[in-house]
Each structure stands twice: as structure tokens, then as C-alpha cells.
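Me: I have a model open and want to go through it step by step. Keep the replies brisk, please.

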Amino acid sequence: MATSPDIPSDGITPENPGSGSPSGTPQAAGTAGGGERRGRVRARRAAVMAVPATLVAAGLAVLTAQGALGVQFAISGMPFTVTATNLDGTGFEQFGGLDNMADGSPNAGDSGGQVLVVTSAIKNATLTKLCQSVDLGGTNLLITAGGGDTPVTASDLTTDSTQLSGDAAFNNIEIGNDASTLSKANAKGPKGVFSQQADTVHIGHLRQTNYATTAGVFKLPGLKLRFSGSGC
């Protein structure tokens with residue numbers, strides 16, 4: 001899981017000139033001419049700028065619905081933190097994606113119910129001292145596992161992240177692949193999207209902000225679930 005720069009997900013909303021005056025109310029002198037025209041020009045420019053981002057978002061949403069991306073369910077929209085002392089994996093892939101909340105989710109805010117993420121896929125992974133926490137407002141739901149002699153193991157693991165950090169090392173890495181051609185793990189991204197893959201990955205001091213995780217098999221020895229005043 002190579003570190004990736006944060007990707008802003010805020011959309012561009014065109015201005016709505018004239019919204020401050022009720023319909024049919026005469027404009028004040030000097031505002032009905034040049035001011036209104038300038039407002040319309042700004043709105044048209046903003047709309048043109050928003051078109052490419054809208055098309056990309058729509059395409060990613062369709063691919064997610066078709067199962068081309070890692071997550072195939074409606075996310076809650078509540079981010080959660082994942083940490084591990086060490087992560088070791090074979091068959092690593094990473095590409096951009098878009099996760100969607102359920103219609104009318106109270107967590108959507110002004111995002112339109114969508115979160116731009118980096119999907120990391122690992123065919124087989126082991127994690128030592130795994131910690132996962134969700135901030136519930138005033139308390140945290142805390143899950144820990146793999147702190148003893150037996151680490152956490154997962155197969156066909158995917159995580160959708162907005163932040164990722166740690167000390168990473170890769171073996172036979174390929175950077176700049178088309179996401180639709182990835183072959184190291186059981187996940188593919190949209191055609192034309194930048195991606196990377198490697199035979200193996202090691203990340204020390206892993207820390208992620210995730211919106212979704214999936215796995216074919218997920219084994220958590222020494223699992224503990226509890227509420228805590230602090231997260232991972």
C-alpha cells in the first residue's frame with residue numbers, strides 16, 4: 001500500500017445569480033445589467049469546469065455498481081482508523097476509486113454521498129497487532145487482534161482509504177499500469193485509471209483512514225471488541 005497524496009473530493013457548485021431577490025421583484029439600479037451578466041458568465045464557466053469531474057465520477061459510480069472496484073456495498077460514510085505494527089502481503093495492487101453511501105445518508109453532507117478513495121488490494125496478507133477504531137462521538141468502538149504469537153491473516157483483502165502512511169517496501173513493483181489490466185490480486189479498476197502493482201509489499205507502522213474493507217477470509221486471533229475513550 002504505497003503512500004498516496006490526499007485526493008480532494010469536494011465538488012464545484014456553480015453560482016446561482018439572482019437567488020437573493022424574490023421572483024418578480026425589480027432589481028436595484030445598476031445591478032440588472034452588467035452585474036447579472038457577469039454572474040451568468042461566472043456560472044457558465046464554473047459549470048464547464050465541473051463537467052470533466054462529473055463525467056469521471058459518474059463513470060466510477062457505474063463501475064462500482066458493476067463490481068469492477070473493490071467495494072460492492074453502500075458505505076456508511078463514517079471513516080475508521082486501522083493501524084498495524086507490520087503488514088506483509090503477496091500480490092499487491094492499488095488504484096483510484098469512488099465509494100457511494102446509501103441514498104439519503106445523514107453522513108453525506110455536501111459530498112453527494114460519494115467519497116473518492118484509493119483502493120489497495122492484497123491477495124494474501126498478514127498483520128501484527130491490528131487495531132481498528134470508529135469515532136462514535138464521545139466514545140470509540142475499538143477492535144484489536146493479532147497481538148499474540150499468531151498474526152491476523154486475510155485473503156483477497158481490499159481497503160478503500162483516504163489516507164495511508166507507514167514505512168513501505170515493494171518487490172518487483174510496476175507503476176503506471178492501466179487499472180483494468182492489473183493481475184497480482186483479485187481486483188481490477190476502471191480502464192484509463194492510473195495504478196500500480198507488485199509481487200510483495202511490506203509496510204511497517206501502518207496507519208490508514210478507511211471507508212470500507214472487504215476480504216474473502218479474515219482470521220482475527222485474540223479478537224477484542226470494546227468501547228474506549230480513545231481510538232487507535
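Reply: One term before we start: two strands pair if DSSP finds at least two bridges between them. Note also that this is a predicted model.

Me: Which strand does β1 pair with over three bridges?
Reply: Pairing takes at least two bridges. Three bridges link β1 to a strand spanning residues 130-135, and the two run antiparallel. Within this pairing, Thr81 has Ser133 as its bridge partner. The strand is β3.

Me: How many bridges join β1 to β7?
Reply: β7 covers residues 194-214 and runs antiparallel to β1. One point to find on screen is Asn86, which stands opposite Gly204 in β7. The number of bridges between β1 and β7 is 14.

Me: Which residue of β2 stands opposite Gln94?
Reply: β2 spans residues 114-128. Its pairing with β1 is antiparallel and has 14 bridges. Opposite Gln94 in β2 stands Ser120.

Me: Is β1 largely enclosed or not, and how many of its residues are buried?
Reply: Buried means under 20% relative accessible area. β1 runs from residue 80 to residue 100, and it is largely enclosed by the rest of the structure because most of its 21 residues are buried. The number buried is 15.

Me: What percentage of the protein's residues count as buried?
Reply: The protein has one helix and nine strands. Along the sequence, the pattern is α-β-β-β-β-β-β-β-β-β. Of its 232 residues, the buried share is 35%.

Me: Which element gives the most residues to the largest nonpolar core?
Reply: Nonpolar side chains tend to be buried together in soluble globular proteins. Here the largest nonpolar core has 19 residues, and Leu87, Ile122, Leu127, Val201 and Leu206 have the most contacts inside it. Two or more residues come from each of β1, β2, β3, β5 and β7. With five residues, the element that gives the most is β1.

Me: How many residues are in the second core?
Reply: This core is separate from the largest one. Among its members are Ile75, Val117, Tyr211 and Ala212. Its residue count is seven.

Me: How far apart in sequence are the parts that the salt bridge ties together?
Reply: The structure holds one salt bridge. Lys184 forms it with Asp199, and their closest N and O atoms are 2.7 Å apart. Lys184 lies in the loop between β6 and β7, whereas Asp199 is in β7, so the tied parts are separated in sequence by 15 residues.

Me: Are Lys184 and Asp199 buried, partly exposed or exposed?
Reply: The partly exposed class lies between buried, under 20%, and exposed, over 50%. Lys184 has a relative accessibility of 24%. Asp199 has a relative accessible area of 26%. Lys184 is partly exposed, and Asp199 is partly exposed.

Me: What is the area of the nonpolar surface patch that includes Phe227?
Reply: Phe227 sits in strand β9, residues 224-228. Exposed means over 50%, so at 59% relative accessible area Phe227 is exposed. Met78, Leu136 and Phe227 make the patch, whose area is about 290 Å².

Me: Which side chain does Thr158 join in a polar contact?
Reply: Thr158 is in strand β5. Its relative accessibility is 7%, so Thr158 counts as buried. At 2.4 Å, the side chain joined to that of Thr158 belongs to Thr214.

Key. Residues numbered from 1 in each chain as written. Predicted model: local features only at pLDDT ≥ 70, side-chain atom pairs only at ≥ 80, totals over all residues. Heavy atoms only, no water. Buried < 20%, exposed > 50% of the residue type's maximum accessible area, 1.4 Å probe, protein only. Helix = DSSP H or I, 4+ residues; strand = E, 2+ residues; numbered from the N terminus. Salt bridge = Lys/Arg side-chain N within 4 Å of Asp/Glu carboxyl O. Core = buried A, V, L, I, M, F, W, Y, C linked by side-chain atoms within 4.5 Å. Patch = residues over 30% accessible without salt bridge, like charges linked within 9 Å, V, L, I, M, F, W, Y side chains within 5 Å. Areas by Shrake-Rupley, 256 points an atom, 1.4 Å probe, with all protein chains shown as cover. Polar contact = N/O pair within 3.5 Å; in protein donor to acceptor, adjacent residues only side chain to side chain.
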